[in-house]
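Work through the three exercises below. Try each task before you read its solution.

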Amino acid sequence: MNRDSLVRELRQIVGDEYVLVEKEDVIVYEQDGSIMQVLPEVVVLPGSTEQVAGVVRAARRANVPIVPRGSGTGLAGGAVPAEGGVVISLARMNRVLECDLRNRIAVVEPGVINLDVTKAVAAGGFFFAPDPSSQAACSIGGNIANNSGGPHTLAYGVTTNHVIEIEVVLDDGRVVWLGGRAPDPPGYDLCGAFVGSEGTLGIVTKAVLRLMRSRESVRTLLAIFDRMDAATQTVVDITGAGIVPAALEMMDRLTIEAVETGAPVGYPRDADAVLLVELEGVRESTERGARVVQEICVRRGARGVRVAQDDAERLRLWKGRKGAFGALGALAPNYYVQDGVVPRSRLPEIMRQIADISARYHLRIANVFHAGDGNLHPNILFDIRIPGELDKVIAAGEEILRACVAAGGSITGEHGIGLEKKAYIGMLFSDVDLDAMAKVRKVFDPDGRFNPAKMFPTPITCAEMRRAPAKIPAGLWI
Amino acid sequence: MTIDADRLANRLEGALGSAVQRDPATLRAHAVDGLVPHIRCAPEDTSQLSAALRICGESGAAVIPWGGGTAMHWGNPPTHADVVVSLERLNRLVEHDDANLTATVQAGMSVAPLQDLLAARRQFLAIDPPDPRHSTIGGTVAANINGPRRLAYGGVRDLVIGMKMVLASGEPIKAGGKVVKNVAGYDMCKLFVGSLGTLGIITEVTFKMAPLPETFGTIVARGSLAQAAHLIDALFASALTPAAVTVVGGDVATAAGLEAAEASLAIWAEGFEEAVARHVRDIQTMAGQLGLATEMLDGVAHHRVWETVRDFGADGASPAVFRVSVPLAAVTGVLAVALGVTAGRPLRYVAHAGTGTVWLALDDPGLVAAWFPRLVALAQEYHGHAVLVAAPPAVKQTVDVWGPPPQALALMQELKRQFDPRGVLNPGRFVARI
């Protein structure tokens with residue numbers, strides 16, 4: 001491409017200060033929360049839908065790829081400019097445009113931080129349900145691209161269940177609305193297909209989000225188990241008893257050790273698993289639910305069950321879970337997190353398989369995960385300075401994903417395919433299945449300009465990709 | 001395109017054997033908006049379905065996928081209807097993984113027998129299509145049929161987590177899986193929910209299940225429409241979590257076994273006994289303060305109300321049925337305007353206040369020409385839309401039943417071209433006669 005003329009054009013569209021080309025300026029955009037790095041050629045920060053459309057048209061004329069980027073907290077390399085081109089950061093488009101509580105919707109720009117949506121409507125008694133653990137930093141645009149989950153999506157569903165309409169810029173700069181504020185808009189559910197498309201179909205410039213009424217009562221329990229098997233069987237029993245908790249989280253022995261070493265909260269170091277259960281609803285429902293959950297934990301041999309008596313105690317019970325990811329640093333210089341999913345009924349056996357993989361590879365694996373929906377987060381601990389170690393870690397991660405697929409699960413529950421798992425998508429889908437997805441891509445983006453080399457198993461052809469430890473901002477958790 | 005029905009039938013018989021029917025009575029029973037097909041076939045498995053679609057594609061024969069035939073009034077009249085492909089032989093529950101709260105079901109299975117099997121393990125599928133003895137899983141998903149409890153459990157698009165389908169080319173594909181969280185690849189299931197059989201034929205669906213509630217009941221509040229609107233506001237301002245909140249009017253109340261009133265608001269509560277008791281208590285207090293009379297229904301009376309609501313507009317009793325979809329807070333306002341427009345003519349309605357879906361039924365199809373544009377305009381004032389769900393074929397020929405084309409029509413037309421380049425699947429029935 002003629003880079004200079006493209007840069008000139010981009011400066012005319014968004015203003016000089018919002019086009020970055022110098023290495024010291026673009027280097028912060030070379031990576032997300034994954035281990036992949038590619039230095040961007042140009043980074044643009046548009047401030048409006050019209051500017052996004054202008055940038056897309058300019059990139060199309062120059063025939064270069066476009067990589068949309070939210071807050072860069074993604075864990076699969078989705079925001080890494082693998083084939084070069086223009087990185088479009090949506091960070092400046094961060095206004096909450098409308099809160100219509102009577103209709104239970106909020107209209108926001110893509111750069112709005114997830115937690116800020118709930119902050120904007122909490123006083124009115126509402127919340128935005130998807131709560132990825134990076135919610136203090138991640139953007140709504142990024143949530144939509146990745147169909148993000150979070151600990152409380154067990155009862156309420158993931159991002160796709162809470163995004164009803166989006167304004168998108170297409171590959172030729174056209175701006176269209178997909179979905180609708182009213183249910184069941186006539187035609188194909190293109191909004192539903194767009195959510196989770198990892199930036200490969202276009203760029204979201206506005207989103208209409210569904211809000212939920214805050215629950216009257218929250219009950220939080222923490223149960224301690226001497227055996228992982230008993231803990232996973234408890235999860236199966238809770239679901240089987242007809243209880244759908246708002247959250248059902250688990251930590252294993254190694255994670256407990258990390259928490260107690262890094263930021264102690266008083267978990268017994270000799271416990272094999274900690275289960276955190278949260279129930280939400282009307283008071284009568286949560287009280288009975290909590291009793292049933294407590295009984296199941298005890299019947300499955302829990303050493304102790306603590307029930308939070310007030311908000312302060314509730315936050316204390318969650319503190320270990322929220323601090324677990326950061327605390328892993330106390331055990332090893334680096335960790336690599338996977339995101340496999342299994343049917344909840346297969347949790348006990350997949351945890352045994354992960355323990356086996358850990359032993360065979362001589363790699364320690366700390367499990368801290370969304371047990372209630374079967375979404376695993378095995379963190380493989382390692383030291384990147386040891387030659388060959390990272391390759392071994394990646395091989396062990398791949399083996400875990402194969403085990404998840406063999407158990408009837410998936411290779412990613414909430415982090416996305418991105419660059420990281422594109423070679424693995426064939427574990428789940430045949431060429432014909434993938435070809436059907438390619439047809440959808442062709443409808444929106446016939447030239448494959450948006451976020452090329454992601455999600456599908458095509459090789460990367462031009463840019464230089466390096467691997468480096470993930471740069472996760474302090475305070476985030478998974 | 002004119003097709004050679006004899007030749008086509010021979011080829012289908014070669015692939016499907018005795019599952020190909022051409023007797024006139026059977027064919028007449030499978031007419032769509034008056035169009036009688038030339039052939040009906042019922043493949044016994046996915047490979048026979050693939051073969052049937054390949055053969056029809058090569059002949060350019062228009063294919064009408066057929067589940068239980070309970071939603072054939074949906075959509076524009078087809079431009080052609082050559083071969084009805086029935087899913088009746090794909091009628092098994094493939095797997096009920098109750099510990100995972102999921103079930104995988106073949107498309108031709110009817111909803112009622114499925115619910116019976118699920119209930120044996122204390123679970124159910126939280127979709128309430130009309131006529132569940134005949135409504136099939138595939139038809140319910142393809143037509144995106146949602147019931148009153150969508151408020152609490154989500155709609156079809158929220159409950160479907162995996163799918164198998166056969167494309168117009170005959171190629172079988174799958175999408176999603178059997179885990180509740182899954183972001184691998186595009187969410188292809190979303191495209192097929194509500195696509196009315198125009199992108200491919202669904203053969204199998206995996207759903208999230210819900211546990212059967214310990215108990216249930218319905219509080220009915222009677223009064224004026226304005227009073228009902230105030231009670232709905234009070235209810236949604238509270239922390240209560242009802243399963244369904246539905247206003248019925250006209251002679252629907254009588255059919256549901258309720259006393260006549262300008263408006264009857266039915267509120268479905270389910271869950272633990274003490275939670276249902278709390279809903280009954282609080283709602284009766286709210287209704288009393290607003291001057292509405294209330295009664296509590298359980299058992300048979302509860303079921304009668306919700307079966308009437310569920311079957312409304314789909315039982316063939318009304319010559320013209322509309323669905324007006326609007327954001328939640330607009331529901332009672334839309335009803336008030338609609339009642340004003342009819343100016344005393346009999347109007348029956350069922351309005352789901354918790355989901356923004358208003359069903360209206362008229363006895364005189366001659367009023368559609370005047371009414372439909374007004375309902376479309378009314379819905380658009382609220383960012384919503386109106387669909388003519390059922391009407392005699394002659395009336396349907398005069399309008400696009402889906403209303404004005406969506407803004408993203410060009411993308412939808414291209415999607416149809418990508419998946420069904422010859423346009424053989426349900427031609428003409430979907431939006432803008434895709």
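**Exercise 1. Place Asp33(B) in chain B, and decide whether Asp33(B) is buried or exposed.**

Step 1. Asp33(B) sits in the loop between helix H2 (24-28) and strand E2 (39-41) of chain B. Helices (H or I, at least four residues) and strands (E, at least two) are DSSP runs, numbered from the N terminus.

This is a predicted model: local features need pLDDT of at least 70, side-chain atom pairs count only at pLDDT 80 or more, while totals for chains, interfaces and linings use all residues. Residues are numbered from 1 along each chain as its sequence is written, chains are lettered from A and ligands numbered from 1 in the order in which they are written, and side-chain values use heavy atoms, with hydrogens and water left out.

Step 2. Asp33(B) counts as buried because its relative accessibility is 17%. Buried means under 20% relative accessible area, exposed over 50%, partly exposed in between (1.4 Å probe, protein chains only).

Step 3. Now look at the surroundings. Beyond neighbours within four places in sequence, Asp33(B) is in contact with residues including Gly75(B), Pro393(B) and Lys396(B). Contact means heavy atoms within 4.5 Å.

Step 4. With Lys396(B), the side chain of Asp33(B) makes a side-chain polar contact at 3.0 Å. A polar contact is a pair of N or O atoms within 3.5 Å; within protein, one must be able to donate a hydrogen and the other to accept it, and residues adjacent in sequence count only if both atoms are side-chain atoms.

**Exercise 2. Describe how domain 1 and domain 2 of chain B meet.**

Step 1. Set the bounds: domain 1 of chain B covers 5-88 and domain 2 covers 93-211. Such bounds come from an automatic or database domain assignment.

Step 2. About 1,200 Å² is buried between these two domains, 72% of it from carbon and sulfur atoms. Buried area is the accessible area (1.4 Å probe) that two parts lose on being put together, summed over both.

Step 3. Count the links. Zero salt bridges join domain 1 and domain 2 of chain B; two residue pairs are in polar contact. A salt bridge is a side-chain nitrogen of Lys or Arg within 4 Å of a carboxyl oxygen of Asp or Glu.

**Exercise 3. How many salt bridges are there between chain A and chain B?**

Step 1. The count is 12.

Step 2. Asp184(A) and Arg150(B) form a salt bridge through their side chains (2.9 Å, N to O).

Step 3. The chains bury about 6,600 Å² between them.
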